[in-house]
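Colleague: Could you take a close look at the salt bridges in this one for me? I'd like to hear how the charged side chains pair up and how open to solvent they sit.

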Amino acid sequence: MDVIDGNWIMRGIGWDDPKCIHSADELAAIVNEIGFLPLFSNEIGGFSVEEMTSSEHWWSGDTSVDPWEWRAILARRNDIAYGKFFNKKAGFISKKWFPYFANYRRGGYDFDARYEDGKASHRENLIMKLFMPNECDINDVTNSTAKQLAKEFYSYEVKSLAGFGKGGEKNFEGTVTGLEMQTYLVVRDFRQKINKRGEGYGWPIAVYTLPEYLWGYDHVTKRYSEEPETSFDKIAKCVKKHFVNVEAKDIKKVVG
């Protein structure tokens with residue numbers, strides 16, 4: 001998006017353009033084909049959902065044509081992760097490519113080891129403790145046990161339970177974004193709050209979980225055996241394959 005005279009301008013394409021994505025299923029297919037895709041335009045031309053969709057349908061609220069609504073649909077799938085993965089901005093990573101990002105962004109560290117080595121903050125630890133299983137270590141979470149152990153929290157629950165807010169810890173949004181960028185947290189869904197009568201109300205709110213609960217520890221960490229920079233080189237090569245004439249500095253900024 002661009003800001004011109006105080007107005008947000010989308011870099012979309014026409015609905016009738018042969019390259020235009022028309023549905024959530026089409027978007028999921030593109031994400032899986034490329035491997036990962038930012039939601040909004042960035043330094044790499046064409047590398048975003050924004051630039052592959054019609055700008056006239058954004059924020060219309062119609063799930064059949066609104067890319068903003070599609071992000072929630074894709075977040076619920078079991079083959080794609082959604083979160084702030086690209087220069088602290090939102091986007092998608094396929095199940096196949098998530099291990100490459102996890103290895104590069106984490107530097108081969110599980111969160112508890114990162115914290116023990118002083119590479120994670122106290123605020124990050126307060127949040128991550130909510131999600132870590134009490135009955136076993138995170139590396140014991142297999143594909144078969146992931147659903148049974150899965151912990152999901154609304155963003156407001158994370159904020160409250162981790163001690164952020166009035167009189168407590170500061171910079172909740174920045175801390176969560178940092179954990180998403182490091183691939184420790186993903187957005188599993190967007191849901192309304194539920195009242196005492198079991199009815200939904202208000203705007204849909206982000207629901208967070210660990211990627212290990214989606215796909216199991218072994219899958220998420222399967223690239224830990226290679227150097228983090230090797231994983232990044234493969235990510236960069238993938239970008240160059242789909243988007244020609246891309247400068248290295250732009251790849252580093254967007255996906256690094």
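**Salt bridges up close**

Modeller: Let's start with Lys249, which is exposed, at a relative accessible area of 56%. Keep in mind that this is a predicted model. Lys249 pairs with Asp250 in a salt bridge, and their closest N and O atoms are 3.3 Å apart. Asp250 is on the other side of the cut-offs: its relative accessible area is 14%, so it counts as buried, because buried means under 20% and exposed means over 50%.

Now over to Lys253, whose side chain meets that of Glu43 in a salt bridge, 3.1 Å from N to O. That pair ties together distant parts of the chain, 210 residues apart: Lys253 sits in helix H12 (residues 248-255), while Glu43 lies in the loop between strand S3 (36-38) and helix H2 (67-75). Lys253 is partly exposed, with a relative accessible area of 44%, and Glu43 is partly exposed too, at 35%.

Then there's Asp189, which forms a salt bridge with Arg191; here the closest N and O atoms are 2.9 Å apart. Asp189 is buried, with just 8% relative accessible area, whereas Arg191 comes out as partly exposed at 30%. Those two also belong to a network of salt bridges that links Arg76, Glu152, Arg188, Asp189 and Arg191.

For the overall tally, the count comes to 13 salt bridges, and the idea behind such pairs is simple: side chains of opposite charge can pair when their charged atoms come close.

Conventions. Residues are numbered from 1 along each chain as its sequence is written. This is a predicted model: local features need pLDDT of at least 70, side-chain atom pairs count only at pLDDT 80 or more; totals for chains, interfaces and linings use all residues. Side-chain values use heavy atoms; hydrogens and water are left out. A salt bridge is a side-chain nitrogen of Lys or Arg within 4 Å of a carboxyl oxygen of Asp or Glu. Helices (H or I, at least four residues) and strands (E, at least two) are DSSP runs, numbered from the N terminus. Buried means under 20% relative accessible area, exposed over 50%, partly exposed in between (1.4 Å probe, protein chains only).
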